[in-house]
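Reader: Please take a close look at the salt bridges in this model. I would like to know which parts of the chain they join and how accessible the paired side chains are.

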Amino acid sequence: MTINKELRTVGAEETNKQKAQHAIEQLLHYALEQGLFEEQDLDYTRNRLLELFSFDEPYLVQVGSESLSGPQQPLQILIDFGFEIGLIPENTDTYRDLLDARITGLLMPRPSETIAKFMNTKGQSGIEAATDEFYKLSVASNYIRMDRVSQNIYWKQPTSYGDIEITINLSKPEKNPKEIAMAKLLPPPIYPKCQLCRENVGYAGRINHPARQNLRTIPLDLNEEPWLFQYSPYVYYNEHCIVFHHDHVPMKLTKLTFKRLLDFTTQFPHYFIGSNADLPIVGGSILTHDHFQGGKHTFALERAPIEAKFEHLNYRGVTAGIVHWPMTVLRLNGQDQEILLEAANDIYEQWKVYSDPAADVYAFSKIEEEQVPHNTVTPIVRRSKDGGYEMDIVLRNNRCDDQHPEGIFHPHREMHHIKKENIGLIEVMGLAILPGRLKEELSEIAEILSGNSEMYEAAVSGTRSGLTVHVPWIKELIAEHGTALTKDQTESVLRENVGNKFAEILEHAGVFKANESGRAAFRRFVNSAGYKELSS
């Protein structure tokens with residue numbers, strides 16, 4: 001397809017202005033191919049882009065019909081030109097991203113058109129076809145930054161719990177120190193209140209809040225309440241979606257939470273969905289806005305086998321199982337959604353007040369005459385192969401002590417050189433999201449294991465600040481593997497070690513440990529909840 005058929009001759013070397021005009025035509029061709037707008041909208045969309053860049057006329061040289069795999073190449077040209085003409089004050093990733101979303105937002109259908117198309121496809125071809133189409137839109141519009149997601153480092157690490165997935169997250173750009181300092185000077189956000197609020201759709205963004213002109217959401221009812229559905233811009237797994245409350249209300253786990261999760265999997269049977277816990281340390285990064293995460297991905301936790309099965313006389317047709325997993329997971333299975341709901345809520349209510357001093361588990365602490373709760377859960381729901389419902393209830397506890405001030409059931413300090421952040425829903429399921437700093441740090445450790453003595457001395461002396469936190473680990477690696485490894489050998493050794501460390505981190509986060517005494521403690525809780533073990 002040729003976008004512009006008017007021709008005129010230009011010199012072999014295009015000016016920056018002509019390159020930008022050319023990039024607009026390339027971007028229009030791409031967006032039309034991807035179905036971001038209809039052909040009847042072409043002139044209108046072109047004129048909006050011309051207005052943004054203060055062009056009086058379009059590129060008047062015929063543009064070829066070569067298909068683009070993504071919008072990045074013309075976008076980079078336009079953003080470079082935008083900086084040149086003052087559309088952004090600085091040529092940093094943050095400002096470039098703000099202009100990126102501003103440009104692609106002009107290619108997007110109105111929210112009502114996106115919703116209408118989703119509902120029409122759902123009605124004609126089913127919910128999976130509708131989500132496929134909506135996901136494609138989110139990628140094509142550059143809202144999901146596949147160019148960055150593809151840079152993430154990923155591998156699978158075999159462990160005694162199955163193949164755990166490891167990622168080093170490089171998709172979310174880090175702000176430079178100047179931008180961080182500027183953001184600190186800004187007043188607390190008033191609008192939108194957070195990055196999950198529905199008002200983000202179409203929002204221009206600012207230095208401390210991402211632009212969202214290319215974001216679209218789909219309304220849905222969960223338990224007859226208004227919620228919204230969108231995809232995560234930094235997809236950590238296939239079709240990583242976010243389901244969030246219509247209003248800015250804080251996360252709070254109640255019986256309604258389980259009911260909403262079950263309702264979602266009834267409407268979206270091809271997706272799993274889960275909720276972060278609702279307490280600090282063991283909860284997610286955003287506790288101020290009630291939300292869930294889901295998608296089309298099979299995690300290691302789902303594949304993990306059952307060690308022991310139980311049943312409860314009050315919940316006929318529901319089986320409970322202790323899952324072979326480093327964290328403390330009780331899996332409920334059943335065909336009847338209502339009975340499963342009652343069983344899940346009963347487990348949760350009993351866990352909230354359960355203590356077992358022998359396992360160092362306490363439900364409450366008394367602080368200034370107030371009982372502070374510690375027990376909560378991370379619930380995950382999916383449809384089982386037989387059409388029933390499967391819910392993993394991960395027991396969590398956020399208590400701290402002098403030895404572990406960051407959290408007893410949290411990555412312990414000897415693991416902070418790999419990860420010190422909360423263990424949230426995604427990691428609970430067996431997908432590590434490790435900080436981007438590890439890419440360079442692991443590369444430098446690989447040099448040490450390959451014989452770079454200067455790098456080792458810099459690490460030990462503290463002059464290589466990024467390596468200082470790794471020094472005890474580096475010494476262990478040298479003692480075990482020496483310093484004459486090949487490049488392939490260092491990669492294998494480091495990936496295996498990082499993967500095993502993450503499995504150990506999950507063990508730290510387990511309330512009842514994955515050993516004989518821990519499993520006995522887990523059984524005590526399950527029995528206390530009225531469940532009887534089935535003979536194997």
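**Salt bridges around helix α18**

Author: In this predicted model, R523 counts as partly exposed, at 27% relative accessibility. The residue forms a salt bridge with E533, and the closest N and O atoms are 3.1 Å apart. This pair links distant parts of the chain: R523 sits in helix α18 and E533 in strand β16 (residues 532–533), 10 residues apart. E533 is partly exposed as well, with a relative accessible area of 41%.

Helix α18 (residues 516–528) also holds R519, the partner of E307 in strand β8 (residues 306–311). The closest N and O atoms of the salt bridge between E307 and R519 are 2.7 Å apart. These two residues are 212 residues apart, so the pair links distant parts of the chain. R519 is buried, with a relative accessible area of 8%, because buried means under 20%. E307, at 36% relative accessibility, counts as partly exposed.

Elsewhere, the side chains of D247 and R198 meet in a salt bridge, at 3.6 Å from N to O. D247 lies in the loop between β5 (241–245) and α9 (255–267), and R198 in the loop between α8 (177–185) and β3 (218–222), so the pair ties together parts that are 49 residues apart in sequence. D247 is partly exposed, with a relative accessible area of 35%, and R198 is partly exposed at 34%.

Salt bridges also link D97, D100, R145, D147 and R148 in a network. The structure holds 31 salt bridges.

Definitions and conventions:
Residues are numbered from 1 along each chain as its sequence is written. This is a predicted model: local features need pLDDT of at least 70, side-chain atom pairs count only at pLDDT 80 or more; totals for chains, interfaces and linings use all residues. Side-chain values use heavy atoms; hydrogens and water are left out. A salt bridge is a side-chain nitrogen of Lys or Arg within 4 Å of a carboxyl oxygen of Asp or Glu. Helices (H or I, at least four residues) and strands (E, at least two) are DSSP runs, numbered from the N terminus. Buried means under 20% relative accessible area, exposed over 50%, partly exposed in between (1.4 Å probe, protein chains only).
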